[in-house]
Amino acid sequence: MYSKGKKLLILGGAPFQIPSILYAKSAGYYVVTCDYCPENPAHQYADEYVNVSTTDLKAVLNLSRKLKIDGVLAYASDPAAPTAAYVSEKMGLPGNPYKSSKTLSEKDLYRSFLLTNNFKTPKYGGYSTLKDFSNYSTEFTYPVLVKPVDSSGSKGISKVNDLWEMGKAIDYAMKFSRSKRFIVEEYIEKKYPHIDGDIFVYNGKIMAYYLGDQRNNIGVNQFVSSGINYPSLLPKELHEKIKLELQRVINLLKIKFGGFNIEVIIDENDHVYLMEVGARNGGNSISEIIKCAGNVDMIKMSVDACMGVDPNIQKQKEIDKYFTTYVIHSSKEGKFRSVKLDDSIRDYVLEIKLIVEEGAEVFSFCGFNCAVGIGVLEFPNLDTRELIMSNIEELIAVELE
């Protein structure tokens with residue numbers, strides 16, 4: 001027990017907030033959750049739930065003052081990250097600067113920050129309408145990517161090959177933008193797999209770095225991560241370059257602590273593009289696989305740090321096996337019946353977490369909002385992992401009615 005009676009406000013009640021709630025409860029904190037979805041499953045694990053939107057800055061601040069909280073956490077929630085920073089800044093609680101968190105959470109602001117500070121970044125523009133973009137369309141060479149500025153989980157992303165496809169892509173992006181803004185950015189050819197994972201920062205320094213190789217189901221959607229492989233097979237010298245660039249972002253934005261979800265592209269000239277630095281932990285059981293692989297508990301560290309407790313790492317180990325988080329998904333639509341495990345994969349499954357219930361609507365995998373569940377897998381060697389993962393959609397099969 002750390003401090004029985006201290007109050008922690010966790011923003012959101014989705015399945016990915018559950019581990020942080022369970023740890024906080026085990027540490028003796030009084031946990032309050034809030035969002036505008038009382039049916040969200042994580043609320044049942046908290047001591048108290050309040051129906052307040054996690055993106056309503058002033059409402060969450062008023063709630064926090066009323067509750068006299070000791071800490072606020074946006075665990076694995078991109079929309080809530082600026083809110084947590086805002087509340088902590090206003091109340092003098094442990095947290096990061098609100099302006100920095102907002103910069104990391106909105107793609108047009110983040111790209112501008114990168115450009116201003118001489119990081120490699122795709123050529124981009126931020127717009128609100130097709131008409132806005134039309135005034136600048138000749139500045140781009142196709143293909144380009146269209147993305148909502150403030151959405152996570154790869155939702156709303158399209159690759160556009162000519163101007164005639166732009167209207168449809170913008171409409172799709174706008175469905176997932178809370179602020180109704182989108183960016184158009186140059187498409188970067190990758191030399192290696194997309195690099196994806198979490199880091200943990202404390203006292204302004206990276207104290208844990210766990211980036212793996214992203215896996216994508218190209219046949220369904222090339223932009224949505226369907227898993228991450230650990231350890232990364234990217235050359236170590238490139239990981240060192242990534243780490244240096246990340247530390248530079250942290251220094252410039254005066255980041256103090258917390259888990260950060262990272263996405264990186266390496267181009268054909270080995271240039272590092274920090275595509276995303278999300279001001280929150282990753283949601284696809286990334287923290288769980290990091291704990292299995294490296295004995296580093298970022299769930300505990302995230303809760304501890306926002307409650308003013310030193311998030312020290314004990315008995316960190318080298319990754320000596322091969323691990324994968326697999327996003328269980330379907331390429332078809334229908335009503336969920338079950339997930340069928342093939343006998344050949346059972347020995348490698350550490351955990352299966354289902355997000356949907358029997359009878360729920362399942363959609364083709366176009367974003368993480370269409371995931372059915374998460375599989376945490378461990379393999380004895382690389383060859384076994386490659387063999388199993390080459391056929392994973394059939395070995396962990398989603399069955400529809």
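These exercises walk through a predicted model of one protein chain.

**Exercise 1. Domains**

Task: State which domains the chain is assigned, and how far apart the centres of domain 1 and domain 2 lie.

Solution:
- Step 1. Start with the assignment: domain 1 covers 7-93 and domain 2 covers 123-186.
- Step 2. Continue along the chain: domain 3 covers 189-318 and domain 4 covers 321-400.
- Step 3. Take the centres over C-alpha atoms: those of domain 1 and domain 2 are separated by 32 Å.

**Exercise 2. The annotated stretch**

Task: Find which residues the UniProt annotation "domain: ATP-grasp" covers, and describe the chain there.

Solution:
- Step 1. According to the unreviewed UniProt entry, this annotation spans residues 111-307.
- Step 2. Residues 111-307 are 28% helix and 30% strand.
- Step 3. The C-alpha atoms at the two ends of 111-307 are 31 Å apart.

**Exercise 3. Two cysteines**

Task: Explain why cysteine 366 and cysteine 370 are not joined by a disulfide.

Solution:
- Step 1. Recall the bond: a disulfide links the sulfur atoms of two cysteines covalently.
- Step 2. Set the cut-off: the two sulfur atoms must lie within 2.5 Å.
- Step 3. Check the distance: the closest cysteine sulfur to that of cysteine 366 is in cysteine 370, 3.6 Å away, so the gap is too far for a bond.
- Step 4. Count for the model: there are zero disulfides.
- Step 5. Compare surroundings. Cysteine 366 is partly exposed, at 27% relative accessible area. Cysteine 370 is buried, at 7%.

**Exercise 4. Helix α9**

Task: Decide whether helix α9 is largely enclosed or largely open, and say what follows α9.

Solution:
- Step 1. Locate the helix: α9 runs over residues 286-294.
- Step 2. List its buried residues: Ile286, Ser287, Glu288, Ile289, Ile290, Ala293 and Gly294.
- Step 3. Conclude: seven of the nine residues are buried, so the rest of the structure largely encloses α9.
- Step 4. Move just past α9: asparagine 295 has a positive phi of about 60 degrees.

**Exercise 5. Nonpolar cores**

Task: Identify which residues touch the most other members of the largest nonpolar core, and which element gives the most to this core.

Solution:
- Step 1. Recall the trend: nonpolar side chains tend to be buried together in soluble globular proteins.
- Step 2. Name the best-connected members: among 43 residues, Leu8, Tyr29, Tyr230, Ile290 and Met298 touch the most others.
- Step 3. Trace the contributors: elements giving two or more residues include β1 (7-11), α1 (18-26), α9 and β18 (373-379).
- Step 4. Pick the top contributor: α10 gives the most, with six residues.
- Step 5. Look elsewhere: a second, separate core has 28 residues, including Tyr110, Leu238, Ile262 and Val272.

Definitions and conventions
Residues numbered from 1 in each chain as written. Predicted model: local features only at pLDDT ≥ 70, side-chain atom pairs only at ≥ 80, totals over all residues. Heavy atoms only, no water. Domains from an automatic or database assignment. Buried < 20%, exposed > 50% of the residue type's maximum accessible area, 1.4 Å probe, protein only. UniProt positions renumbered as here; feature names shortened; annotations may be inferred. Helix = DSSP H or I, 4+ residues; strand = E, 2+ residues; numbered from the N terminus. Core = buried A, V, L, I, M, F, W, Y, C linked by side-chain atoms within 4.5 Å.
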